[in-house]
Amino acid sequence: MPAALGNLFLKRDPAEYVRWSVAPQPVINPSRAYVSPSEPASVTITSGLEGVEIHYTLDGSEPTEKSPVYQGPISIKGTAVLKAIAFHPERRPSPVATAFYSQSYPVKDIIYFSPPSSARPGAAGEKTLIDLVKARPEARDSSWQGYEGNNLEIVLDLGRKQDLYELELSCFENNNARIFLPVRVVVEVSVNGRKFEGVAEKELALPDKPQTTGARSIYIPLKGSEARFVRVKAMNIGTVPEGFRNAGQKAWMLFDEVYVR
Ligand SMILES: [Ca+2]
């Protein structure tokens with residue numbers, strides 16, 4: 001370090017360090033929950049630092065000092081992404097804390113009939129698709145679980161019989177990076193986990209040119225069928241079609257979450 005620069009550091013008032021330091025990330029509890037109007041979550045946000053003001057949003061946007069101030073437990077009754085930042089008069093704003101709430105049926109277990117790519121197993125392993133954590137809309141986020149050339153095939157166990165109205169499969173699309181949506185999604189349901197019957201199927205149009213990159217949700221109506229087990233098959237396009245970058249190579253599908261309502 002040049003001497004002049006060293007002197008600058010030595011002369012700095014200790015209060016300067018406080019000013020340049022970052023407020024600690026707030027802690028949200030619970031940070032993930034299944035919720036409903038009859039069973040809301042009571043959510044608290046705390047900071048390890050005195051004198052902070054915590055601002056939050058419920059729509060997934062980044063909080064600013066204009067966002068609502070946390071003043072006590074928040075009751076969350078429906079699907080929401082809660083983000084919180086602690087602001088301190090003498091420090092830089094904290095990193096953002098994120099929490100996920102879903103008004104969908106709790107999934108007790110997930111069984112894979114087709115494993116994801118060993119290179120993209122998902123940050124939470126087998127729980128990646130049912131941990132309520134949404135990935136950021138960029139392929140490098142490890143919260144995406146990837147399938148290279150092969151299909152997704154899973155069975156969800158809801159723990160008990162439910163009336164099923166909709167399945168949501170949350171995906172990522174980046175055609176220039178070999179990442180495509182499934183070409184078809186098939187949903188079968190079962191009361192006992194042995195005998196399944198098909199309830200819905202959705203074909204997705206093959207793109208004729210690269211689509212806008214981003215997260216997508218595929219919604220499949222389940223018509224009120226009563227079941228405990230839900231089998232989801234999402235068919236991979238297989239190989240990148242002609243007219244796209246890397247045509248002929250294996251195509252990826254990326255998923256971060258599956259919801260049943
Ligand atoms: Ca997830």
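**Exercise 1. The setting of Y259**

In which strand is the place of Y259, and is the residue buried or exposed?

*Solution.* The model is a predicted one, and each step below relies on values computed from it. First, locate the residue: Y259 belongs to strand 14, which covers residues 252-260. Next, take the C-beta count, which comes to 22 neighbours inside 10 Å for Y259. The threshold for a buried residue is 20 or more such atoms, and Y259 is therefore classed as buried. Finally, look at what surrounds the residue once positions up to four places away in sequence are set aside: Y259 touches S102, S104 and E168. A further spatial relation links Y259 with L129, since the two are 130 residues apart in sequence while their C-alpha atoms are 8.7 Å apart in space.

**Exercise 2. The setting of V81**

Work out the exposure class of V81 and list its contacts beyond the neighbours within four places in sequence.

*Solution.* V81 is found in strand 6, residues 80-87. The count around V81 is 16 C-beta neighbours inside 10 Å. A residue is buried at 20 or more and exposed at 12 or fewer, so the value of 16 makes V81 partly exposed. With neighbours within four places left aside, the contacts of V81 are D59, G60, T98, F100 and K134. As for distance, V81 and L132 are 51 residues apart along the chain, and 10.0 Å separates their C-alpha atoms.

**Exercise 3. The nonpolar cores**

How many residues has the largest nonpolar core, and which strand gives the most to this core?

*Solution.* The largest nonpolar core contains 38 residues, and those with the most contacts inside it are L169, V230, V232, M253, L254, F255 and V258. At least two residues of this core come from each of strand 10 (152-173), strand 11 (184-190), strand 13 (214-235) and strand 14. Strand 10 gives the most, with eight residues. To see the packing around one member, take V230, which touches V155, L156, L164, L167, V187, V189 and V260 when residues up to four places away in sequence are not counted. A second core, separate from this one, has 19 residues, including Y56, A80, F87 and Y101. As a general background, nonpolar side chains in soluble globular proteins tend to be buried together.

**Exercise 4. Two open sheets**

Determine the strand order of the four-stranded open sheet and of the three-stranded open sheet, and explain what distinguishes the strands at their edges.

*Solution.* In the four-stranded open sheet the order is 2-7-6-4, and the pairing is mixed. Strand 2 (32-34) and strand 4 (53-57) are at its edges; each has a single partner strand, and therefore one side of each has no neighbour in the sheet. Ignoring direction, neighbouring strands of this sheet are turned by 20° against each other on average. One of the pairings joins strand 2 to strand 7 (residues 97-102) through three bridges, the two strands running parallel, and A33 stands opposite Y101 of strand 7.

The three-stranded open sheet has the order 1-3-5 with antiparallel pairing. Here strand 1 (27-29) and strand 5 (74-76) are the edge strands, and because each has a single partner strand, one side of each is left without a neighbour in the sheet. The twist in this sheet averages 30° from one strand to the next. Strand 1 pairs with strand 3 (residues 41-46) in the antiparallel sense over three bridges, and I28 has I45 of strand 3 as its bridge partner.

**Exercise 5. A hairpin**

Over how many bridges do strand 11 and strand 12 pair, and which residue of their hairpin takes a positive phi?

*Solution.* The pairing of strand 11 with strand 12 (residues 197-203) is antiparallel and extends over six bridges. Within it, V186 stands opposite E201 of strand 12. The hairpin has six residues between the strands, and G193 takes a positive phi near 85°.

**Exercise 6. The chain and its domains**

Describe the domain arrangement of the protein chain and the contacts between its parts.

*Solution.* The domain assignment gives domain 1 (3-102) and domain 2 (109-260). Their C-alpha centres lie 32 Å apart, and four residues of domain 1 are in contact with five residues of domain 2. On the domain 1 side of that contact there are two nonpolar, one polar and one charged residues. For the chain as a whole, the secondary structure comes to two helices and 14 strands, and buried residues make up 31% of the 261 residues.

Conventions:
Residues numbered from 1 in each chain as written. Predicted model: local features only at pLDDT ≥ 70, side-chain atom pairs only at ≥ 80, totals over all residues. Contact = placed C-beta atoms within 7 Å. Core = buried A, V, L, I, M, F, W, Y, C linked by C-beta atoms within 7 Å. Pairing = 2+ DSSP bridges. Axes fitted to C-alpha atoms, helices over the stretch in contact; angles between N-to-C directions. Domains from an automatic or database assignment. Nonpolar A, V, L, I, M, F, W, Y, C, P; charged D, E, K, R; others polar.
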